[in-house]
Amino acid sequence: MMKNKRARPSVDKAVVDVWQREIGELSSRNFAHRLAASEDLVLRLEIYKKLEKHRGCVNTVSFNADGNILVSGSDDMRVILWDWETAHAKLAFQSGHVSNVFQAKIMPYTDDRSLVTCAADGQVRHAQILERGVETRLLTKHQRRAHKLAIELGSPHIFYTCGEDGLVQHIDLRTPTATKLFTCHPIDDSSAYMPVIPLNDIAIDPRNPNLFAVAGSDKYTRLYDIRKYKWDGSTDFGQPTDYFCPPHLIGDHQIGITGLAFSDQSELLVSYSDEFIYLFTRDMGLGPNPVPSSPLSACSDASEMELDHSAMSASAMAADKKAIPQVYKGHRNCKTVKGVSFFGPKSEYVVSGSDCGQIFIWKKKDRELVRVMEADKDVVNCIESHPHTTVLASSGIETDIKIWTPKSIDKATLPTNIEQVCLVLLISYRKKNMGGGGGGEE
């Protein structure tokens with residue numbers, strides 16, 4: 001049973017903040033940051049608009065840099081640019097993909113006219129919005145589904161892709177061909193049944209754009225430094241600079257990762273399938289050569305970290321001696337490829353969708369679950385934070401996109417039995433979809 005009692009934020013603190021701003025002791029910028037991170041606003045989030053035009057599951061939502069446009073992609077193979085405040089579709093176009101669009105992003109500093117997409121057909125495409133219409137072209141292709149893109153911070157030209165073929169590619173829109181950086185392989189021979197690691201996500205560290213992380217169908221998040229790549233191909237770039245994994249999952253060959261995110265403080269958020277969400281700091285890495293171990297008990301509870309040290313390898317023991325990553329739990333991540341993200345001007349919150357159709361919001365610092373919001377009749381896959389204000393966009397198996405703003409008069413309270421509620425909803429979803437079904441990024 002989860003804790004449901006928490007200290008109420010003091011109204012006096014908000015009054016003090018206003019008073020300090022008025023007398024000049026608190027800058028307008030810091031006041032805005034404190035307000036945007038306020039738990040009071042998080043507790044007042046509710047649906048502001050529903051964006052309805054797609055004809056299939058919505059697999060990706062992303063704001064532009066200014067935050068006034070939301071771009072979405074769907075199983076209907078279309079990309080739509082929205083004025084989310086009015087729920088008006090500014091532009092809808094065929095992506096050029098022949099299967100489900102998994103991600104669509106607007107390249108920065110392009111007047112919102114340059115977009116990149118990837119999809120279940122393995123293609124990575126570029127869309128250019130011109131006065132006469134939209135032109136799309138094929139940039140490169142993965143041999144299997146291509147799940148995610150990562151845009152280099154502030155660059156209108158450079159981004160990375162990853163796919164289920166284990167390949168990571170570097171793309172510069174100014175050059176005619178993509179650079180195939182490496183194919184991700186298991187670290188030991190025990191995974192002979194999986195010669196490459198199918199990749200689900202890729203993320204760039206905003207504080208150091210030279211660093212990027214990838215993760216997929218094994219337990220490790222791998223960190224790479226692009227500065228070590230020799231562009232003449234003279235060196236093998238496939239060796240990560242660091243690995244990250246919770247100690248109790250080292251050696252578990254059944255686990256996988258569906259989502260990654262970096263905070264502005266270079267913290268790494270990792271969402272595991274059939275498991276929980278973990279927050280790593282840079283000093284929690286296992287180094288460039290982690291030692292594989294035998295699996296620990298599958299029943300070990302990550303929140304308690306009651307580890308059997310006698311069963312741990314040197315790598316796991318070394319990881320245990322380091323700081324243990326924080327864990328966020330309560331949601332369900334068994335079906336589909338779910339993302340995970342931070343929320344708040346300084347990444348004060350962690351947000352995730354769930355198989356039970358709910359959005360979960362935790363305080364990053366103390367792992368406390370503060371909100372659970374019903375957002376889909378089936379599964380919530382994507383949650384995108386607005387770059388400047390307290391706004392969320394969410395999507396899932398349903399064909400609409402929901403915009404969340406703190407407009408509720410009343411503060412929300414947590415259900416007393418949220419874990420049981422989520423389990424019941426999940427069982428209901430599985431029964432309904434038994435024998436085949438839903439689209440989305442599965």
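**Close-ups of aromatic rings**

Tryptophan 362 has a relative accessibility of 1%, so this residue counts as buried (under 20% relative accessible area, with a 1.4 Å probe and protein chains only). The model is predicted: local features need pLDDT of at least 70, side-chain atom pairs count only at pLDDT 80 or more, and totals for chains, interfaces and linings use all residues. Residues are numbered from 1 along each chain as its sequence is written, and side-chain values use heavy atoms, leaving out hydrogens and water.

**View 1. Tyrosine 160 and phenylalanine 212 form a tilted pair.** The structure holds 14 aromatic pairs (rings of Phe, Tyr and Trp, the last by its six-membered ring, with centres within 6.5 Å). In this one, the centres are 4.8 Å apart and the planes meet at 35°, so the pair is tilted (neither under 30 degrees, stacked, nor over 60, edge-to-face). Tyrosine 160 sits in strand β11 (residues 158-163) and phenylalanine 212 in strand β15 (residues 211-216); strands are DSSP runs of E, at least two residues, numbered from the N terminus. The two residues are 52 residues apart, so the pair links distant parts of the chain. Tyrosine 160 is buried, at 0% relative accessible area. Phenylalanine 212 is buried too, at 0%.

**View 2. Phenylalanine 360 and tryptophan 362 are stacked.** Their ring centres lie 5.8 Å apart, with planes at 25°. Phenylalanine 360 is buried, with 0% relative accessible area.

**View 3. One aromatic cluster is made of Tyr160, Phe182, Phe212, Tyr224, Tyr229 and Phe237.** Tyr160 and Phe212 return here from the first view.

**View 4. Lysine 49 lies over the face of tyrosine 48.** The distance to the ring centre is 5.4 Å. A charge sits over a ring if NZ of Lys or CZ of Arg is within 6 Å of the ring centre and within 35 degrees of the ring normal.

Note on methods:
Helices (H or I, at least four residues) and strands (E, at least two) are DSSP runs, numbered from the N terminus. Buried means under 20% relative accessible area, exposed over 50%, partly exposed in between (1.4 Å probe, protein chains only).
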